[in-house]
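Reader: I have a few questions about how certain labels were assigned here. Please keep the answers brief.

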Amino acid sequence: AEMVYLAQYLLEQCGYQSDTAMDVQAFKKAYAQPQNVVMLDLTMPNGASEEISNIMVQHHAKHPIIFVTGMPPEEIERRRKQAEAQGLKIAAILHKPFWIEDVASAMTIAMTLVMAEN
């Protein structure tokens, strides 16, 4: 929960509006609204990260995704390749712990992709 609130705070400090979800049900509710970028923690409990990824694949998500993780590099790369093979667009990876500059940089990359798509 602390990481979710920290990410939301940092996004707001960078001038972005955000919705948060700490489980699959909350994600489905937030995802029903138009999204520009999704920030997804790869270590959500009970396999929620994988389920959320599957939801985005089923919806043919075109928006950029920022992975948040503390996983080792080889696992991050495996997850990135798997997500991209399923059609998801991974814009950036935030390694825990991260700072406001990291969030700002990841969002700049993601929003550049959004603008290029439009």
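Reader: Leaving aside its neighbours within four places in sequence, which residues is Ser53 in contact with?

Author: This is a predicted model. In it, Ser53 is in contact with Leu40 and Leu88, once neighbours within four places in sequence are left aside. Ser53 itself lies in helix α3.

Reader: Why does Ser53 count as buried or exposed?

Author: The relative accessibility of Ser53 is 13%. Buried means under 20%. Ser53 therefore counts as buried.

Reader: And Glu101, why does that residue count as buried or exposed?

Author: Glu101 has 56% relative accessibility. The cut-off for exposed is over 50%. Glu101 therefore counts as exposed. Its place is in helix α5.

Reader: How far apart are Glu101 and Cys14 in sequence and in space?

Author: In sequence, Glu101 and Cys14 are 87 residues apart. In space, they are 9.0 Å apart, C-alpha to C-alpha.

Reader: What makes α1 roughly parallel or roughly perpendicular to α5?

Author: The axes of helix α1 (residues 2-13) and helix α5 (residues 100-117) cross at roughly 70°. They come within 9 Å. Angles of 65 to 115 degrees count as roughly perpendicular. So α1 is roughly perpendicular to α5. The crossing is right-handed.

Reader: Which residues make the contact of α1 and α5?

Author: From α1 come Leu10, Leu11 and Gln13. From α5 come Ile100, Val103 and Met107.

Reader: By class, what residues does the contact of α1 with α5 have?

Author: Five are nonpolar and one is polar. None is charged. Leu, Ile, Val and Met count as nonpolar, while Gln falls among the others, as polar.

Reader: Turning to the largest nonpolar core, which residues touch the most other members?

Author: Leu40, Met56 and Ile65 do, out of 19 residues in that core. At least two residues each are supplied by α2 (24-31), β1 (38-41), α3 (48-58), β2 (64-69) and α4 (73-85). The largest share, four residues, comes from α3.

Reader: What is Ile65 in contact with, leaving aside its neighbours within four places in sequence?

Author: Ile65 is in contact with Val38, Leu40 and Met56. Its contacts also include Leu88, Lys89, Ile90, Ala91 and Ala92.

Reader: Which residues does the second, separate core include?

Author: That core has 15 residues, among them Leu10, Ile66, Leu94 and Met107. Leu10 of α1 and Met107 of α5 also take part in the contact between those helices.

Key. Residues numbered from 1 in each chain as written. Predicted model: local features only at pLDDT ≥ 70, side-chain atom pairs only at ≥ 80, totals over all residues. Heavy atoms only, no water. Axes fitted to C-alpha atoms, helices over the stretch in contact; angles between N-to-C directions. Parallel < 35°, antiparallel > 145°, perpendicular 65-115°, else oblique. Left-handed = near helix turned anticlockwise from the far one by under 90°. Contact = heavy atoms within 4.5 Å. Core = buried A, V, L, I, M, F, W, Y, C linked by side-chain atoms within 4.5 Å. Buried < 20%, exposed > 50% of the residue type's maximum accessible area, 1.4 Å probe, protein only.
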